[in-house]
Amino acid sequence: VVFHPIDPLKTVLQRGGHGNAASIVRSLGGIGSLYVGVMPAAVSMGAACAVRMGVYEVSKNRLVRDGGGAPSGEPLLPLPTSALIAVSSGLSVVVSAMGRAPL
């Protein structure tokens, strides 16, 4: 939401627009025009962040705290805790991205 107004400015500049930020804002219709579409973007990002945090927490708990569900209680992946947390983070990003932009 904070950086959403930068997107219209970036789009105008990429299409060959010239001038400073103030002149571009005036040509777009004023400050309010920079926030057109902010609610759908915020809602979709909110959902994507919720999925990401959910996947991260579940996978981190399974890999780090539960020993990956292995019967012996040892991790499924023989990695240090910091590496298991990084794996959980990477997995959460992939799942979240698949939800936002499925292949």
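Read from the N terminus on, the elements of the protein chain run α-α-α-α, and in this predicted model the chain has four helices and zero strands. Of the 103 residues in the protein chain, 21% are buried, and the paragraphs below follow a few residues that are buried and a few that are exposed.

A starting point is the beginning of the chain, where Phe3 has its place in the segment before α1, the helix of residues 6-14. Phe3 counts as exposed because its relative accessibility is 62%, and the cut-off for that word is over 50%. Together with Val2 and Ile6, Phe3 makes a nonpolar surface patch of about 350 Å².

Further along the chain comes helix α3, which covers residues 38-65 and in which Ala50 is found. Ala50, like Phe3, is described as exposed, since the relative accessible area of Ala50 is 52%. In sequence, Ala50 is separated from Ser96 by 46 residues, yet in space the two lie 8.7 Å apart when the distance is taken from C-alpha to C-alpha.

Ser96 leads to helix α4, which is made of the 20 residues from 81 to 100. How far apart are the end C-alpha atoms of helix α4, and what span should its 20 residues have at 1.5 Å a residue? The expected span is 28 Å, and the end C-alpha atoms are 29 Å apart, so the two values agree.

Which residues of α4 are buried? They are Leu84, Ser88, Ser92 and Ser96. These residues lie on the same side of α4, because the arc that they cover around the axis is only 110 degrees. On the other side of α4 the picture is the opposite, for there Ser82 and Met98 are exposed.

Among the buried residues of this helix, Ser88 deserves a separate look. Ser88 lies in helix α4 and has a relative accessible area of 1%, which is why Ser88 is called buried, the cut-off for that word being under 20%. The side chain of Ser88 is also joined to the side chain of Ser59 by a polar contact of 3.4 Å.

Taken together, the residues followed here show both conditions: Phe3, in the segment before α1, is exposed at 62% relative accessibility, whereas Ser88, in helix α4, is buried with a relative accessible area of 1%.

Terms used:
Residues are numbered from 1 along each chain as its sequence is written. This is a predicted model: local features need pLDDT of at least 70, side-chain atom pairs count only at pLDDT 80 or more; totals for chains, interfaces and linings use all residues. Side-chain values use heavy atoms; hydrogens and water are left out. Helices (H or I, at least four residues) and strands (E, at least two) are DSSP runs, numbered from the N terminus. The expected span of a helix is 1.5 Å times one less than its number of residues. Buried means under 20% relative accessible area, exposed over 50%, partly exposed in between (1.4 Å probe, protein chains only). The arc is that of the directions from the helix axis to the C-beta atoms. Patches are made of residues with over 30% relative accessible area and no salt bridge: like charges are joined within 9 Å, nonpolar side chains (Val, Leu, Ile, Met, Phe, Trp, Tyr) within 5 Å. Accessible areas come from the Shrake-Rupley method with a 1.4 Å probe; for residues, only the protein chains shown count as cover. A salt bridge is a side-chain nitrogen of Lys or Arg within 4 Å of a carboxyl oxygen of Asp or Glu. A polar contact is a pair of N or O atoms within 3.5 Å; within protein, one must be able to donate a hydrogen and the other to accept it, and residues adjacent in sequence count only if both atoms are side-chain atoms.
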